[in-house]
Amino acid sequence: MRRPARLTVFLAATTMLVLAGAPCARAQSPLPPQSWLFGAWIGGLFPPPSTMSAQECLAQPVVIFTRDIVMRITIVDQVYTQRLVETARTTGNGVEFRFDRPLRVAQSSPFGLTQGGGEVGFGCEDPDVLHVQKRGENEISFAGCPEFPYPLVRCPAR
């Protein structure tokens, strides 16, 4: 009779240890909440093209998401404006980014236009916050950003 009792105690203790460790394993994720956005996106300023090769899309993306930086380009800039991600958190239908305060370093062009970072935000109500809404598997939009009236689509893989 003693053997079944020891076996029962052993199984109960093992089960409790496994169940106690399970929530900790699920709570820690190695990927940041915005990892599904990583890559190059086109559109936003204009309607996204219905067909485009990966090479064409990657030659002129409008927005690029990385782990620590979000970059955007405007029609009048030749270089990307970079915003350092302070925090990123998931929302019900996307991600909210909060950016570090930008260093305002802009150069004047011959026609009085600014180059390389004249626009520090995304044309949203708060230049230091970006709300990204997921509209489909490879389609997003920027809520409350009049400079991006159209959705953006992910550049296809090569």
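Here is a short chat about the strands and the nonpolar core of this predicted model.

Student: What ground rules apply here?
Tutor: Residues count from 1 along each chain as its sequence is written, and side-chain values use heavy atoms, with hydrogens and water left out. As the model is predicted, local features need pLDDT of at least 70, totals for chains, interfaces and linings use all residues, and side-chain atom pairs count only at pLDDT 80 or more.

Student: Which residue in β8 is the bridge partner of Gly-94?
Tutor: Strands here are DSSP runs of E, at least two residues, numbered from the N terminus, and two of them pair if DSSP finds at least two bridges between them. Strands β5 (residues 94-99) and β8 (residues 129-136) run antiparallel, joined by 5 bridges. Over in β8, Gly-94 is matched with Gln-133.

Student: How many residues sit between β8 and β9 in their hairpin?
Tutor: β9 covers residues 139-142 and pairs with β8 in the antiparallel sense over 4 bridges. One matched pair is Lys-134 with Ile-140. The hairpin's count of residues between the two strands is 2.

Student: And in β10, what is the bridge partner of Ile-140?
Tutor: β9 is also joined to β10 (residues 152-154), antiparallel, by 2 bridges. There, Ile-140 is matched with Leu-152.

Student: How many residues are in the largest nonpolar core?
Tutor: Such a core is a set of buried Ala, Val, Leu, Ile, Met, Phe, Trp, Tyr and Cys residues joined through side-chain atoms within 4.5 Å. Those touching the most other members are Val-63, Phe-65, Phe-97, Phe-122, Leu-130 and Phe-142. The core's total is 25.

Student: Is Arg-72 buried or exposed?
Tutor: Arg-72 lies in strand β3, and its side chain reaches the backbone oxygen of Gly-121 at 2.8 Å. The cut-offs are under 20% relative accessible area for buried, over 50% for exposed and partly exposed in between (1.4 Å probe, protein chains only). At 2%, Arg-72 is buried.

Key. A polar contact is a pair of N or O atoms within 3.5 Å; within protein, one must be able to donate a hydrogen and the other to accept it, and residues adjacent in sequence count only if both atoms are side-chain atoms.
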